[in-house]
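Hi everyone, thanks for coming. Let me walk you through a structure that is new to most of us, so please have a look at it first.

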Amino acid sequence: MVKIRVFLPHLELKEIFERVMEELPPYDNVQIETTYIFGTPAVLSRNYDAEILVARGMTHDVLREMFPDKHVVQIQLNSFDVLDALVQCRKLQAKKIALCLHNVEIHCLENLEELCGASIRMYDVADEKSAEAAVCEAEAEGADTFVGAGTMCGICDRRGLRRVHIHTKHDAVEAAMQEALNAAKTINLERTRSEIINIMLNHNEDGIIAVDENECILAINNQAYRVFQLSTIGELIGQPVSSVISSEEWRQFPGSGSQKEKLISLHDKKYYVQYKPLNGLEAGAGALIFIKNTDRIIEEESRIRRELSEKGLTAKYSFQDILGQSPAIRENIQMAERYSKVNSNVLIIGETGTGKELFAHSIHQASKRSHQPFVALNCAALPENLLESELFGYEAGAFSGASKSGKIGLFELAHKGTIFLDEIGEIPISLQAKLLRVLQEREIRRIGSTSVHPVDVRVISATNINIEEKIREGQFRSDLYYRLNLLDISIPPLRERKEDIQELVDAYLARFACEMGKSIPTVTSDAARILKEHSWPGNVRELRNICERLIVLNDTNVLSGELLRQLKIFRRQEGLAAGETAKDQEPDSVYDRLKPKKKKKELAEELGVSRTTLWRMAKRQRELEAKQKEQK
């Protein structure tokens, strides 16, 4: 609420004021009060609670000097008001007129004298004392008529002199009140903004201090009081900020004119302090100081990372995580780095365990989309109906069991980012057409929806099967394949880049030893030879698992060839016939036991599963048999 106080010297002005207020529209949150004061009595020095003061003549001038911080509005006399008074002097047949005004310039005084038929002399009057002196001087100089405002008229009446009162008109009062109301509206608006800013500052969990160019406090929020353990006794506004932040480390901040960030210690706690200069302010260059609790920063970062990780929306690896110095792997990395500079789709081809997902993560991390979502999906892990809803989402009630609020699909989640479709060769043929449309039109339609949603997504896909063979068999659309295969990377198996084995072994042994709190073991030349000669059918994934197992089972600081044989790390190579290789000796016990008369492809069709799923079933059976042998 803004209060306006209007000073009225006489009843005539009161009546004009009331008529003006009836004509003006009402204003919210504005209170108007009137006070009857004539001239400049001592009572004017009272500290009025109104933010806006309205007065005329010398009353206005005195109020403006007394209250420089308040908005003081003047009810001004205009030229027509003075002219009306001088015309009245002509009717009185005045010969010599004393015009008593303050800070008013009148041009063409000769023309006014001709109009009045009398000589005119102006006297400047600022208060009662100067008005009294002006009347005395004019009377001594032979003035027979005095023209002025209320104070002068009162002096003339007391001395028995003829005077003409300059009346304040309706328009002057209306203009003054309109200015006062507009000022009140502005004050209300600024107060609202100030309250909103204070609420924002005090609800911020960081301590915030605003300082001026002299490093004195302009504003401080509640959290800063808590951080610095400040007393509420005494006013901090206007005090040097050094009286609040007394740390030695703080002295590096002020006067630099540039943004700085530093960890400082306050009351046995660590705080992350940001000093941000503000240039171009009318009041001069100042700064904002943000004081953040490091414990809360760490907690928030952990929470954000955990939530993003749970949603699978972040890439975990970069090119630095890809180990190996062989020409084949270095060429792949260089090619992938070039691919990361563009937005074209990429197809990564390689056997299981060669690190296809590692390349996909790295390409996203090095691309312009690195700050956007990275969404990964294994296309072979879900049945067709679930895979479609995961990729494209669905509307509420789209099918039985659907969420009441619907679900956003992975393509929408990956908007502006990258989607990684692993084992793309296993995607059902019926779903391939929908995926092709998304790649062509850059828009998706949720299940059960009639509208489409535009998406900007880069697609990186991976496969460990020969898709061209599946195309010939009619199990994969060629147009989709060429959409996915704009750029390709073929990752060689580990057996074709054996020069990388030692580096990988060293890295994984060191990693798992550190994680388990053990010493990093030394690998003997015999053990290194056995590791290098192994065929590694599971590629890097198999090597990683074996390194982890070696750290778990080994209690010494040396890994020898004899130890590898004792621990039976490569059980699958035991009992090979002379001249037989590990590749030759890879029977799938499921197939051997069934002794099928049909090919694996035909058996998979008969069981209603893919060849990959059938292979996984056989692998699980072998692992189960090996585990049972260990237990025996």
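**One helix and one sheet**

Before we start, keep in mind that this is a predicted model. I'd like to show you two parts of it, beginning with a helix.

Please find α3, which runs over residues 79-91. Its 13 residues reach 19 Å from the first C-alpha to the last, close to the 18 Å expected at 1.5 Å a residue.

Now, which residues of α3 are buried? They are Asp81, Val82, Ala85, Leu86 and Cys89. These residues cover an arc of only 135° around the axis, so they sit on the same side of α3.

And what do the buried residues of α3 pack against? Their partners are four strands, β5 (96-101), β6 (119-124), β7 (145-148) and β8 (163-165), together with the helix α4 (109-116). Turn to the face of α3 that points away from the buried side, and you'll meet the exposed residues Ser79, Phe80 and Lys91. One more detail here: just after α3, Gln93 has a positive phi of about 60°.

Let's move on to the sheet. Five strands make up an open sheet, in the order β10-β9-β13-β12-β11, with antiparallel pairing. At the edges are β10 (217-220) and β11 (260-266), each of which pairs on one side only. From one strand to the next, the twist averages 25°.

If we zoom in on one pair, β9 (residues 207-211) and β10 run antiparallel and share three bridges. There you can see Ile209 standing opposite Ile220 in β10.

That's my tour, and thank you for listening!

Technical notes: Residues numbered from 1 in each chain as written. Predicted model: local features only at pLDDT ≥ 70, side-chain atom pairs only at ≥ 80, totals over all residues. Heavy atoms only, no water. Helix = DSSP H or I, 4+ residues; strand = E, 2+ residues; numbered from the N terminus. Expected span 1.5 Å × (residues − 1). Buried < 20%, exposed > 50% of the residue type's maximum accessible area, 1.4 Å probe, protein only. Arc of directions from axis to C-beta. Contact = heavy atoms within 4.5 Å. Pairing = 2+ DSSP bridges. Axes fitted to C-alpha atoms, helices over the stretch in contact; angles between N-to-C directions.
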